[in-house]
Amino acid sequence: MLNIEQMTKVFFPGTVNEKVAIEYLDLQVQEGDFITIVGSNGSGKSTLFNLIGGTYEVTSGTILLNGKDVTNAAEHRRAFTIGRIFQDPTVGTAAKMSIEDNMITAYTKGLKGLKVSLNAAKRALFKEELAKLSMGLEHRLKDNVGLLSGGQRQALTLLMTVLSRPKMLLLDEHTAALDPRNAQIVMDLTTAFINELNLTTLMITHNMQHAIDFGNRLIMMDEGNIILDLKEQEKKSLTVPKLVQMFKDIKKQEYASDEALLTM
Amino acid sequence: MLEGIFVDGLIFSIMVIGVLISYRILDFADLTCDGSFATGAAVAAMVIVNGGGSGTALVLAAISGAIAGAITATIHNELKIPGLLAGILTMTMLYSINIRILGGRANVPLLRIDTLYTQFPRFFSFFSTSWALLVGTLLIAFIIKELIDIFFRTDLGISIGAMGSNEQMIISMGANPKTLKIIGMALSNALIALSGGLLAQYQGFADANLGQGMVVQGLAAIMIGEFLFDSNKISLITLRVMLGAIIYKALMFFGRYYGYYINLTPSDLKLLTGVLVIISLIIAQTRSAASSADARKKALRRNKERREHQKEDQQHA
């Protein structure tokens, strides 16, 4: 599904601010994988997503998506295969447009034509889909998205991403900005959609328990590379203290700040 | 006299819809407008002077505006400079181009030549001349308003609106924001130039300075319209913009007509327009401040009532 080889990303090359964010990273993702990604701040998790998604250009290395080389493909081209959800609930939806307008934009990917496809049948479909969120949004199709709460907006973003039928999901701490109850709702919906549509998923999280509970594979990143890659059986027997211990063993040092981040 | 204000306002309203598309829908602070309005007038005048007919004149004016808008969007897209600067660049270049179009002159009269506004009275001969002009302009303005309403209900129109609100979302949905910006800006400036082409025919001349201060006038009209009513439906938004444009023209008319009592000259109208925009902004701000103060008061009152209830309950207990 996704094949990353020897990928390197250097920010501000040739200046005093030069920073190597990702170095010689290799990653193979199989179809149907649900990978959780953990790591301290600045370890390169979000940069990895921005490179896969196409927001940043890679400095060197190749990215194959479904066997196709997308290393230099534009972000909006990759978006046909990749659906992304960000931490900030306002990024995924257009605040000044109504819920139905947002949903029709998501319904067909790519540059749209001069067709009026927002008709009664579509509205009925959208109502049905919104009802799945059980947030009462199905009665508010004509309300502007800016009027919704953060949790509602993130749930809508998730629904829109699913409507656009991606093959792969990149979730960048997409529940981190929500209160515990809404975070739970959005997380439940996420797993339901992933299972229903068999989506290949990469999920960044700071919640160690989530990282262990969800998915079939766990990756830990540090200083721009993958330092731990646990699959199926290894992952099933994992607990939070074990994971923290593994991190310490690899680092052979105790980073008080890192530990604080990891044991959340 | 009153018909004149409406004709003037309706022609102006087509331009304001163009400004609405760039400022409000695309969220693109576009100054191309000041140049493309005059370009539309110049193209229309030259087509008519050279015997091209009034309808062709309008179509070519709109196309010239679309090209100007597309150039601004391309400069913004490819050189990655802010839209404001891209617009200023195009506007400045258009000033020279407009004089070229007008054949090296700053002014081309359309006297004793057939224009739309000499054709209307013949076409609507059952009306008096001034009413015929009004009906003809109204027809054009409403056809354009309807077309714009339909456009912004299509998938393409909706995605242009969504891009103005959140560019990342459009990228995530697989569309190239650069393309959408070019389409949106071309449409916006096509309307602006079309309005310029109409005005040239109405007032009987094209002038290289016709576009000066158009952006601010357009913004003033949009803001006046926003005081009228609140809506997120495109048909009502374009309607209120048109009403705002007519009200603005009426205000300016009365400023000109009665202004001399307080020593106002026509050259003061730009100052008046700017002041009008500032006043609109102040009113909008005090309005939202007032409503949040009101909400605070209500919340305090509810809180107080609740505490009193609790006290009563305790006393009963």
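Colleague: Before we dig in, what counts as a nonpolar core here?

Modeller: Start with the buried Ala, Val, Leu, Ile, Met, Phe, Trp, Tyr and Cys residues. Those joined through C-beta atoms within 7 Å form one set, and that set is a nonpolar core. Keep in mind that we're looking at a predicted model.

Colleague: OK, so which residues have the most contacts inside the largest nonpolar core?

Modeller: That core has 159 residues. Helix H9 of chain B, residues 177-203, gives the largest share of it, with 15 residues. As for the most contacts inside the core, look at B:Val16, B:Ala41 and B:Ala44.

Colleague: Let's zoom in on B:Ala44. Which residues is it in contact with, leaving aside neighbours within four places in sequence?

Modeller: Some of its partners are B:Ala57, B:Leu58 and B:Ala61. Others are numbered further along chain B, including B:Gly197 and B:Ala200. The full list reads B:Ala57, B:Leu58, B:Ala61, B:Gly197, B:Ala200, B:Gln201 and B:Ala206.

Colleague: And chain B as a whole: in what order do its elements run from the N terminus?

Modeller: There are 12 helices and two strands to place. The C-alpha trace they belong to spans about 95 × 55 × 40 Å along its principal axes. From the N terminus on, the order is α-α-α-α-β-α-α-α-α-α-β-α-α-α.

Colleague: What share of the contacts in chain B with a separation of 6 or more comes from residues 24 or more positions apart?

Modeller: For background, chain B has 317 residues, and buried ones make up 47% of them. Among contacts with a separation of 6 or more, residues 24 or more positions apart account for 78%.

Colleague: Now the two chains together. Which helix supplies the largest share of the side of chain A that touches chain B?

Modeller: In this contact, 31 residues of chain A meet 20 residues of chain B. Helix H2 (75-78) and helix H3 (99-107) of chain A each supply at least two residues of that side. By class, the chain A side has 12 nonpolar, 12 polar and seven charged residues. The largest share, five residues, comes from H3(A).

Colleague: Last one: are H5(A) and H6(A) roughly parallel or roughly antiparallel?

Modeller: Helix H5 (residues 150-163) and helix H6 (residues 180-197) of chain A have axes 9 Å apart and pack at an angle of about 10°. Their contact has eight nonpolar, four polar and no charged residues, with A:Leu158 and A:Phe193 among them. Angles under 35 degrees count as roughly parallel, so H5(A) and H6(A) are roughly parallel.

Conventions: Residues are numbered from 1 along each chain as its sequence is written. Chains are lettered from A and ligands numbered from 1 in the order in which they are written. This is a predicted model: local features need pLDDT of at least 70, side-chain atom pairs count only at pLDDT 80 or more; totals for chains, interfaces and linings use all residues. Helices (H or I, at least four residues) and strands (E, at least two) are DSSP runs, numbered from the N terminus. A residue is buried if 20 or more other C-beta atoms lie within 10 Å of its own, exposed if 12 or fewer, and partly exposed in between; C-beta atoms are placed from the backbone. Two residues are in contact if their C-beta atoms, placed from the backbone, lie within 7 Å. Ala, Val, Leu, Ile, Met, Phe, Trp, Tyr, Cys and Pro count as nonpolar, Asp, Glu, Lys and Arg as charged, and the others, Gly among them, as polar. Axes are lines fitted to C-alpha atoms, for helices over the stretch in contact, and angles run from 0 to 180 degrees between N-to-C directions. Angles under 35 degrees count as roughly parallel, over 145 as roughly antiparallel, 65 to 115 as roughly perpendicular and the rest as oblique.
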